[in-house]
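Work through the exercises below with the model open. Each task is followed by a stepwise solution.

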Amino acid sequence: MVNEKLVIIGSGPAAHTAAIYSGRAELSPLLFEGFMAGGVAAGGQLTTTNDVENFPGFPEGISGPLLMDKMREQSLRYGCRIVTKTISGIHINEKPFEPFVLNTADNEEYLADTIIIATGATAKTIELPNSATYWQKGISSCAVCDGALPIFRGKDLFVVGGGDSACEEALFLTKFAKMVYLVHRRNELRASKIMQRRVLGHDKIEVLWEHEITNVLGDEKVIKKVVLKKSEPSQVYEKAAGGLFFAIGHKPNTDFLGGKITLDKDGYIVTEKGSTKTNVLGIFAAGDVQDKKFRQAVTAAGTGCMAFMEAEEYLNTKDSK
Ligand code: FAD
């Protein structure tokens, strides 16, 4: 079995940035891009969005899938080898500087001196009867990413959720919306007191307490209405809508790590402050899999670069032992 110098797991901006840097540094990285890993196609979360307008270098904006194709092409150009397989487990040797063993979902084994985990996260959504028709035609799971797009401007927008993220997304959308409705199942928010105060005191936000969204309606091109269900007193009604944003959390793609890498209570990989180092010497983490705050393509790419630099430093230390 070939002992790889550097294995990168993932296929979003973090993984490809690490691949481009390490390819240029002649580390000949091997990247596992996954096969519908975490329910998302190789290329990661940006493959689920039409317009990316905030990634530098594309003044006219660029489609998410095209941006990811370009990153993949750039990784290949600088010598990265890409395998379309999902990693199902990592075996960590007790002795430092011993190679790690990686298992793929189809039972192959690979050895690696160092590993960068960039498996991202999957945004949670609610399955509605018409979700598939209107995904990215008015439905999104990222207000900060998509809220400024022309289709949402001056419209009534709905945010589903009740935590800090939902409040942040609702506040962000007030810049563009006619009115923002925060749809929450309970009669109190889970968000911090300060976020609650900001939301409840905002004249462009109305909280729809004890409500659920049960469907969206539109003209096939874009959503026009949401269908709401109120629990007390029980009532189902429609309301005009130009957008629906799910803000009910993300699931980091870390199940395959099997408890060997330290995770926080929400399943995100814990990295050292200002670094991509995990609790295991020689294993680094980059992108949304270790970031529940910023969650942007450009921040994921930034940590991908950091992970490469730290992995290279580790390899140099290993070689000098
Ligand atoms: P991800 O993009 O999460 O990709 C990781 C990928 O790795 C997975 O999807 C999967 O294919 C693969 N993988 C997972 N597990 C394994 C495994 N075990 N083995 C092998 N492969 C695996 N950000 C912006 O900056 N601008 C935007 O306009 C924008 N729009 C967005 C719109 C939507 C709808 C969403 C959901 C997100 C948007 N984002 C946007 C956020 C951005 O997509 C993420 O912050 C970014 O993609 C995170 O990159 P990442 O490299 O951490 O991994």
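For residue classes, Ala, Val, Leu, Ile, Met, Phe, Trp, Tyr, Cys and Pro count as nonpolar; Asp, Glu, Lys and Arg as charged; the others, Gly among them, as polar. This is a predicted model: local features need pLDDT of at least 70, side-chain atom pairs count only at pLDDT 80 or more, and totals for chains, interfaces and linings use all residues. Residues are numbered from 1 along each chain as its sequence is written, and side-chain values use heavy atoms, with hydrogens and water left out.

**Exercise 1.** Find the disulfide, taken as a pair of cysteine sulfur atoms within 2.5 Å, and give its handedness.

Step 1. The rule yields 1 disulfide.
Step 2. Its partners are Cys 142 and Cys 145, with sulfur atoms 1.9 Å apart.
Step 3. The torsion about their S-S bond is about 60°, so the disulfide is right-handed.

**Exercise 2.** Why is Cys 80 not bonded to Cys 305, and why is Cys 167 not bonded to Cys 142?

Step 1. For Cys 80, the closest cysteine sulfur is in Cys 305, 15 Å away, too far for a bond.
Step 2. For Cys 167, the closest is in Cys 142; at 16 Å, that is also too far for a bond.

**Exercise 3.** Which residues line the largest cavity, and how do they divide by class?

Step 1. The lining consists of Ala 123, Lys 124, Ser 141, Ser 165, Glu 169, Phe 246, Ala 247, Ile 248, Gly 249, His 250 and Arg 295. A cavity is a set of points on a 1 Å grid over the protein atoms alone where a 1.4 Å probe fits but cannot get out; lining residues have an atom within 4 Å of a point.
Step 2. By class, 4 are nonpolar, 4 polar and 3 charged.

Notes. A disulfide is a pair of cysteine sulfur atoms within 2.5 Å. On a 1 Å grid over the protein atoms alone, a cavity is a set of points where a 1.4 Å probe fits but cannot get out, and a pocket is an open set with protein on both sides within 12 Å along at least five of seven lines; lining residues have an atom within 4 Å of a point.
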